[in-house]
Amino acid sequence: ESTATSVPMLDVVVHNAGYGFLIDKEDDATSQQLLEHATQTVQVNFTNTVLLNEALMPLLRHHRHHQLDSVSNITTDVTNTSSSYDGRVVIVGSRAGLLHCFPDVTTAPTILQHLLLFPTTPSSPSSPPPPANFNNLESLLLIGEQYLTSIKEGRTQVKGGMPAVFPLPTTTPSTSATSQPVTTTGSSGTGSVSPACRWPASPYCMSKILIHAYVRLLASGFGEGGRSGVHVSVCTPGYCQTGMTLGAGYRTALQGAGDPTWLAMAPRSEVDHLHGHFIADKQSISFVQ
């Protein structure tokens, strides 16, 4: 709220919030402690990132043909550069958030399948009709809540750690998946997921799947108030040598910052076509596997 009142507009927002807990810390953890870890993971990596971004979107839509140099804090006039977008949103995701983290992709909530199974933009004619309440951000937030409920009720067994620590499912996704859609009732946002849904064991993986889906939702133009005029993308920094990996990564933090910096600062002609895409080393990659 203080930012919204003190800053007239924003040029770029980069979301780099990240939280995860490691397997060596969960051996003696109680079910309640695992639930608390899972809750914090989903809240930091997904829910709070979404809520913050939604609050900042009006300031980004006020952006008009100029770009902030975040290094020198100098505003550079680029009014001669044509573009379909004004402000930019860059979210740091992860290859841990690929849809195949679901043990059976065909039972994943339909809204996630619709948003993530298709390599083109969500509004592409090649995509099937969206499920009921597709344009409701509340439906996506509800999935995060239902995932945590499944842990609380003992229907999902939690694993911590990064995907490099334990094997990922190898189920091949199918574009003909027919699981029941997530539904909402009235304005309360109550709803359900197919009973057949088998959730990812890693809260970190699930949180990244959800934030990837949010990027696709933004890029599609759906949602309250519309998202037109803001370029949004998500990228993976790679497996970096940080505290989250206990220094086991193969990239430095500086190398990991390469794509987020490029997406935030590159000339529009280099990144406009990547609206709604998942980026690794400046290349668009699949949200699925």
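## The sheet

In this predicted model, an open sheet is formed by 5 strands, arranged in the order 1-4-7-8-9 with mixed pairing. Its edges are strand 1 (12-15) and strand 9 (283-285), each of which pairs on one side only. From one strand to the next, the twist averages 30°.

Within the sheet, strand 4 (residues 88-92) and strand 7 (residues 231-235) run parallel and are joined by 5 bridges. In this pair, V90 stands opposite S233 of strand 7.

## Helices packed on the sheet

Helix 5 (residues 203-220) packs on the sheet and touches strand 4, strand 7 and strand 8 (278-280). The direction of helix 5 makes about 155° with that of strand 7.

Helix 7 (residues 258-265) also packs on the sheet, where it touches strand 1, strand 4, strand 7 and strand 8. The angle between the directions of helix 7 and strand 4 is about 170°.

## Helix 4

Helix 4 comprises 16 residues (residues 137-152). At 1.5 Å a residue, the helix should span 22 Å, and because its end C-alpha atoms lie 23 Å apart, the model agrees with that expectation.

Helix 4 is mostly covered, with 12 of its 16 residues buried, that is, under 20% relative accessible area. The buried residues include the run L140, L141, L142, I143 and G144; L137, S139, Q146, Y147, L148, S150 and I151 are buried as well. After helix 4 comes G154, whose phi is positive, near 80°.

Terms used: Residues numbered from 1 in each chain as written. Predicted model: local features only at pLDDT ≥ 70, side-chain atom pairs only at ≥ 80, totals over all residues. Heavy atoms only, no water. Helix = DSSP H or I, 4+ residues; strand = E, 2+ residues; numbered from the N terminus. Expected span 1.5 Å × (residues − 1). Buried < 20%, exposed > 50% of the residue type's maximum accessible area, 1.4 Å probe, protein only. Pairing = 2+ DSSP bridges. Axes fitted to C-alpha atoms, helices over the stretch in contact; angles between N-to-C directions. Contact = heavy atoms within 4.5 Å.
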